[in-house]
Amino acid sequence: MASSAPIEKLFTWTRPGRAVAERFVAGDTLESAVTVAHALNEAGFTVSLDLLGEEVTDVDSAHAAVDEYSSCLDRIESDGLDANISIKPTQLGLAIDESVAREAIALLGQQAAEVGTTVTIDMEDSRYTEATVRLFELGQSQTANFGVALQAYMKRTPEDLERLIPLGGHIRLCKGAYVEPEEVAIQSKGIVDAAFIQQMRTLMSADITIPAIATHDLRLLAVARELAGMRTAPFEFQMLYGVRTDIQRQLVAAGFPLRIYLPFGSQWYPYLTRRLAERPSNAWFFARALFSSS
Ligand code: FDA
């Protein structure tokens with residue numbers, strides 16, 4: 001439902017719509033993201049700055065996204081933020097041509113290395129999985145400061161883990177946020193959870209790769225905490241800004257490293273639809289606010 005144009009207008013043009021977005025997004029500008037990132041750092045979290053935007057279809061827009069990320073890295077350095085960046089391959093031109101995204105990976109990897117931070121490549125839908133894995137391989141071969149998200153629901157993920165763990169860097173394990181066909185992705189929630197546990201065990205027993213366990217699922221977090229107790233090499237938890245802030249605070253209070261994925265920018269609607277799909281009660285919150293304001 002959220003993918004229809006009238007619903008998009010309701011979210012983007014109404015106060016209740018923007019109020020729902022503000023729960024999950026730091027604001028429209030880099031400045032607003034930097035302000036929130038400082039507050040998160042002070043509260044004990046590290047941060048991953050995510051400029052919203054995806055499926056870019058012209059080279060100029062892809063270059064503009066690289067410039068914006070470059071400004072992010074400048075601010076991470078000048079403000080002394082404990083932060084890295086998360087990038088989406090199609091925002092950097094992957095849907096136009098892989099060479100455009102490869103150029104962006106090289107530029108951002110180089111600048112991030114100079115700043116002393118890392119770059120995580122988000123995983124988008126299955127049309128881009130193989131090319132995204134290749135971008136991670138490229139980044140690691142050039143500047144060795146990359147990470148990539150792998151989705152537990154994808155049937156290929158056990159093989160991707162085997163392929164990528166020897167390359168080091170960091171691997172973010174998440175359940176997967178896109179609607180995928182049965183041929184490529186597990187459809188049952190229970191089986192996705194079991195796959196997540198299996199893949200998390202593989203990742204948490206890897207030495208040179210830094211596991212980033214990205215979930216708000218209490219059952220999976222309990223298993224992760226058990227595995228963390230046996231791990232001597234670094235790892236971290238990752239969670240989305242605005243989601244289960246109670247658990248976020250508890251993990252940090254218990255001494256676990258936790259990175260908050262912090263989206264900002266004006267192109268927030270596709271991101272918001274994924275957050276609504278994960279939790280339909282978010283949409284009810286919006287609907288109630290809309291009716292009470294009219
Ligand atoms: P699940 O959906 O079962 O939720 C567990 C609990 O968390 C819920 O019961 C609820 O309490 C809370 N919760 C979860 N989502 C919520 C929401 N939207 N609003 C309110 N409460 C919510 N996906 C992808 O395909 N590619 C990627 O690159 C990334 N990157 C990424 C980074 C980080 C840091 C995180 C945490 C997640 C991603 N994801 C992602 C999204 C991921 O694939 C998945 O869709 C969401 O994390 C929701 O799954 P959970 O594991 O939290 O479990």
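User: Take a residue as near the ligand if one of its heavy atoms lies within 4 Å of it. How many residues surround the ligand?
Analyst: This is a predicted model, where local features need pLDDT of at least 70 and side-chain atom pairs 80 or more, while totals for chains, interfaces and linings use all residues. Numbering runs from 1 along each chain as its sequence is written, and side-chain values use heavy atoms, without hydrogens or water. Lys175, Gly176, Thr215, His216 and Glu278 are the closest. The full count around the ligand is 27.

User: Which strand gives the most to that shell?
Analyst: Helices here are DSSP runs (H or I, at least four residues), as are strands (E, at least two), numbered from the N terminus. H2 (15-24), E4 (146-151), E5 (170-174), E7 (236-240) and H11 (269-278) each supply at least two shell residues. With 3 residues, the top contributor is E7.

User: How far is a backbone N or O atom of Gly176 from an oxygen atom of the ligand?
Analyst: Polar contacts here pair N or O atoms within 3.5 Å. A polar side-chain atom of Gln151 sits 2.9 Å from a ligand oxygen, and a backbone N or O atom of Arg275 is 2.9 Å from a ligand nitrogen. For the Gly176 backbone atom and a ligand oxygen, it's 2.6 Å.

User: How do H2 and H11 pack, parallel or perpendicular?
Analyst: Val20, Ala21 and Phe24 in H2 meet Tyr271, Leu272, Arg275 and Leu276 in H11 (heavy atoms within 4.5 Å). Their axes, lines fitted to C-alpha atoms over the stretch in contact, are 10 Å apart at about 85°, on a scale from 0 to 180 degrees between N-to-C directions. Angles of 65 to 115 degrees get one label, so H2 and H11 are roughly perpendicular.

How values were computed
A polar contact is a pair of N or O atoms within 3.5 Å; within protein, one must be able to donate a hydrogen and the other to accept it, and residues adjacent in sequence count only if both atoms are side-chain atoms. Angles under 35 degrees count as roughly parallel, over 145 as roughly antiparallel, 65 to 115 as roughly perpendicular and the rest as oblique.
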